[in-house]
Each structure stands twice: as C-alpha cells, then as structure tokens.
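Trainee: I have a new structure open and could use a hand. Can we talk through how its helices sit against one another?

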Amino acid sequence: MRQGTSLYLDCVRFMAAFAVFVSHYATQHFTGGLFWQLQPYGAEAVDIFFVLSGFVIGCATDGREAGPRSYAVNRAARLWSVALPALLLTLMLDAAGSSARPELYTAAEVPHYHPDGSLWRYLLSAVFLNQTWYLDITPGTDWPYWSLGYEPWYYVIFGVAMFAPGKVRIAAALVAAGIAGPKVIALFPLWLAGLACARLARDLRPSTRAGAACAAASVAGWIGYEVWALHHGRLLGLGPDWFGRRELAQDYVVGALFALHLIGICHLSDPFGWLLSRFARAIRWLAGATFTLYLMHYPIMQCLIATLPWPRDSAVSRLLLPILSLAAVFLFAALTERRKQSWRRVIQALSERLIPPVRLLVPGRADGQA
C-alpha cells in the first residue's frame, strides 16, 4: 500500500472513531442533547470500520500475513491487546461510577446495560461470542463493544477459507458462519466489499481521472443520501427483524458508497500524498489510538458523569467531559494499543508452544512467520 493511501486511511479511521465518540457525547444521556444533530453519524462510521477492516485484511494477506500462523497471531494481537484490558477497565469504571451514582447505571440510562454485572457477560465478550445468533450481550457500559461480536468472526471465516486445506475450507467456513449466526453474517457483505476493494486496487490500474470520478461519485452519493434522509428519514427498520439491526439498509448504502470511495482513493494517493506526508507523524499517532477511542470512550464518559460534581447539561460538564475522556483514551492507548507488538510476541510464543508448525495448510503456501 502506498504511503499516501495508508495515511489517508489512517485519517479516515480516526475520524470514524471520533464520529462515534461525538455521536454518543451528543446524546441526551451525556450532555442533555448538545449537538444532537450529529447522533446519526455514529452508525454510519461503524459501517466505514467494517469496510476498512476487510480492505486492510485484503492488503495484509497479499503481503506480510501470507501464512495461517502469522495471520492468526496478528489478528489476535490486534483484538486482545485492547479488548481484554478494556473489559477489565470497564469493570473497574462501572464499579466506581455505580458506587457514586447508582441511578445512572440502569437499563433506562445505558442501552443494553445489565446492572447485575454478571461475570459471564465479560467472559463471552472476551471470546467474541456476545452477538452470536440471538445473543445481544454488552459487557457493562461498554456499548460499542457490540461490533467485536461481529468483526472477529469475519477474520475467522476468511482465515479458514484462505488457509484451510482445499477439501475442507468451504465446510470450515460454513461451520464458522453457522456459529456466528445470521445477525453477524448480515453485515459480512460490508467486510467483503472492503476485501474486494483491496483486490481491485491490486489488480486494476484505472487512470487518475477514473479514480477521481469514483471518489467524487461516492461523496456526491453520500451527500445525496444525507439530504434525502433529512427530508424523508433514514433507511431504518427495513429487512427481517431476525437480522437484529434496524439500520441494515442504511449499512449497505453507506458501505457501498465507501467501498466506491476506497477504489477511487487508491488511485489518487499520489496527488495528495505529499501533503499528508507532512503530517505523517501526527496522523500515525492519532491512528494509533483509534481502536481504544472507539472501544473505551463510553464507559469512561459514563464514569465521568457519575463522578463529576456538576449536572450533565452544565457548561462545565459539557466542556470537561470530552477533554477528560480523550485524555483518558490516549493514556489507555499508550498502555495497550500502542504496545500491540508486545501482545503479538506473547501470542506468537504461546501459539508455537501449543500448536505444532503447519508447513503446508494450503498447497503451495507456507506458513509465514512475521
């Protein structure tokens, strides 16, 4: 992947995570509805994450993750380096916040919150079973954790389809999809769209003009959808209820538009790559906290409104809430997400002890070591 494209995608990743953060900050629950107009964009930002995830995996498996062990180790390090500490921190923050203001820790205040704080909710979330089939489990107040019940299953399905022996790869992928369930698979097309974009970016060589047309058409299409939604309402509640996501039609629209944008931008990185390279250090630093910002902002803000002495809709609380939350996020990222390589080394060592080397899971493809 060229540097300009990589930096641009890092910008998109951070802005998408920040959009989710702002969409929650803007709710009645946290600030009395300040900037309430921005709330709908959080769901669209998650669609971008799914497409980006597939794109990144498509690029990675073309290069440094050419073997099953390196693929599995890198995915596990990426997820658990933030997910496991986030679960522990959520447990601690919820305990502190609920002790100070128990009335704020109810299902009426926090979506999908269960005051019992049962340990099994955290255990299922730790192994990403929290959204399989008809389950809808949130670990404490970490509402954004729902998407981690989706994305890891896409890694598993693609991984076995990519690396399992030819005779069993389809069966193994179907078994993984069967365990995940229809609700999770309903958003799989977004992830696959990102994967397809990576393959197209590798194999196609359209002109810069064609790339610009794709990028411009995607932006125009998104603006058109937002204008339509402003006058007619968003595409919600369409599709079978057993998929468990009211925004499914909107997910597909936004996902398709962003996939088109990716195709275009992959062939426009050079014209603006020189500009982004001037801010490469700052962009990489912000992107290095993206996962943490997405996953941890909600329990941090929840604990803050429970412990700050001012009302939620006061000017002081509205000012301090984002400042203190972002400071905590970046501190937490320094201890987790930015130390992903340490997690990777531990998981690599465990995998080598517990799983014997497999040299040829796929004919002609050796198990690469990173």
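Mentor: Gladly, and keep in mind throughout that this is a predicted model. A good place to begin is the pair H1 and H13, whose axes meet at an angle of about 45°, and that angle is neither under 35 degrees nor in the range from 65 to 115, so the two helices are oblique to each other.

Trainee: How far apart are the axes of H1 and H13, and which hand is the crossing, left or right?

Mentor: The axes of H1, residues 3-25, and H13, residues 280-287, are 9 Å apart, and their crossing is left-handed.

Trainee: Which residues of H1 and H13 meet there?

Mentor: On the H1 side they include Gln 3, Leu 7, Cys 11 and Phe 14, and on the H13 side they include Ile 283, Arg 284 and Ala 287. By class, this contact has 7 nonpolar, 2 polar and 3 charged residues.

Trainee: Switching to H4, what should its span be, and how far apart are its ends?

Mentor: H4 covers residues 68-100, which makes 33 residues, so at 1.5 Å a residue it should span 48 Å, and its end C-alpha atoms are 47 Å apart, in agreement with that.

Trainee: Where does H4 bend, though?

Mentor: The bend is at Trp 80, and it amounts to about 35°.

Trainee: And how does H4 run relative to H6, parallel or antiparallel?

Mentor: Roughly antiparallel, because the packing angle of about 175° is over 145 degrees; the axes of H4 and H6, residues 151-163, are 11 Å apart. Pro 68, Tyr 71, Arg 75 and Leu 79 of H4 meet residues of H6 that include Tyr 155, Phe 158 and Phe 163, and the contact divides into 7 nonpolar, 1 polar and 1 charged.

Trainee: What about H14 against H4?

Mentor: The axes of H4 and H14, residues 290-307, come within 9 Å and cross at roughly 5°, which makes the two helices roughly parallel. Among the residues in contact are Val 82, Leu 89 and Leu 93 of H4, with Phe 291, Leu 295 and Ile 300 of H14, and the residues divide into 15 nonpolar, 4 polar and 2 charged.

Note on methods
Residues are numbered from 1 along each chain as its sequence is written. This is a predicted model: local features need pLDDT of at least 70, side-chain atom pairs count only at pLDDT 80 or more; totals for chains, interfaces and linings use all residues. Side-chain values use heavy atoms; hydrogens and water are left out. Helices (H or I, at least four residues) and strands (E, at least two) are DSSP runs, numbered from the N terminus. The expected span of a helix is 1.5 Å times one less than its number of residues. The bend at a residue is the angle between axes fitted to the seven residues ending there and the seven starting there. Axes are lines fitted to C-alpha atoms, for helices over the stretch in contact, and angles run from 0 to 180 degrees between N-to-C directions. A crossing is left-handed if the near helix is turned anticlockwise from the far one by less than a right angle, and right-handed if clockwise. Contact means heavy atoms within 4.5 Å. Ala, Val, Leu, Ile, Met, Phe, Trp, Tyr, Cys and Pro count as nonpolar, Asp, Glu, Lys and Arg as charged, and the others, Gly among them, as polar.
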